[in-house]
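Here's a quick walk through how one chain packs against itself, with a stop at its aromatic rings. Have the model open while you read.

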Amino acid sequence: MNPLENFLNELELLVGHIDVSEKQVYELIKDYKHSHLEISLDQLFNHSSDNYSNLIIKSVFILGLSYFEDFLGRCTDLIF
């Protein structure tokens with residue numbers, strides 16, 4: 001697989017992560033208690049699905065930038 005195909009494949013996988021940031025998903029998991037902290041996810045995110053969604057979207061953005069950096073590195077290797 002060439003670097004461009006690999007990069008595009010990785011970006012397609014990020015779409016699934018963005019879907020997890022939906023409010024409906026938050027409603028399903030908000031009562032889950034974190035095992036180490038002994039508090040629910042709802043308490044952890046201050047009873048706000050927006051806080052949860054923002055965290056997921058920021059994480060996806062950072063991961064996308066990492067994929068792009070890897071793509072540029074692979075292209076540089078091919079050039080040199």
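A residue is called buried under 20% relative accessible area, exposed over 50%, and partly exposed in between (1.4 Å probe, protein chains only). By that yardstick F68 is partly exposed, at 37% relative accessibility. Keep in mind that this is a predicted model, where local features need pLDDT of at least 70, side-chain atom pairs count only at pLDDT 80 or more, and totals for chains, interfaces and linings use all residues. Residues are numbered from 1 along each chain as its sequence is written, and side-chain values use heavy atoms, with hydrogens and water left out.

**Helix 1 against helix 4**

Helices (H or I, at least four residues) are DSSP runs numbered from the N terminus. Helix 1 (residues 3-19) packs on helix 4 (residues 49-79) at about 175°, and their axes are 10 Å apart. That angle makes the two roughly antiparallel; the label applies over 145 degrees. The axes are lines fitted to C-alpha atoms over the stretch in contact, and angles run from 0 to 180 degrees between N-to-C directions.

Contact here means heavy atoms within 4.5 Å. On the helix 1 side it involves P3, L4, N6, F7, E10, L14, H17 and I18, while helix 4 brings residues including I56, L63, Y67, F68, D70 and R74. One of the helix 1 residues is N6, which is buried at 16% relative accessible area. Beyond its neighbours within four places in sequence, N6 touches M1, D70 and R74.

**The rings**

A pair of aromatic rings is described by the distance of the centres and the angle of the planes. Rings of Phe, Tyr and Trp (its six-membered ring) pair if their centres lie within 6.5 Å; planes under 30 degrees apart are stacked, over 60 edge-to-face and the rest tilted. The whole structure has five such pairs, and two of them are set out here:

| Pair | Centre distance | Plane angle | Type |
|---|---|---|---|
| F7 and F68 | 5.8 Å | 55° | tilted |
| F45 and Y52 | 5.5 Å | 80° | edge-to-face |

With F7 in helix 1 and F68 in helix 4, the tilted pair ties together parts that are 61 residues apart in sequence. F7 is buried, at 11% relative accessibility. F7 and F68 also join F71 in one aromatic cluster. As for the edge-to-face pair, F45 and Y52 are both buried.

**A loop residue**

D31 sits in the loop between helix 2 (23-29) and helix 3 (41-44). At 61% relative accessibility, D31 is exposed. Its C-alpha atom is 6.3 Å from that of D42, eleven residues away along the chain.

Note on methods. Parallel < 35°, antiparallel > 145°, perpendicular 65-115°, else oblique.
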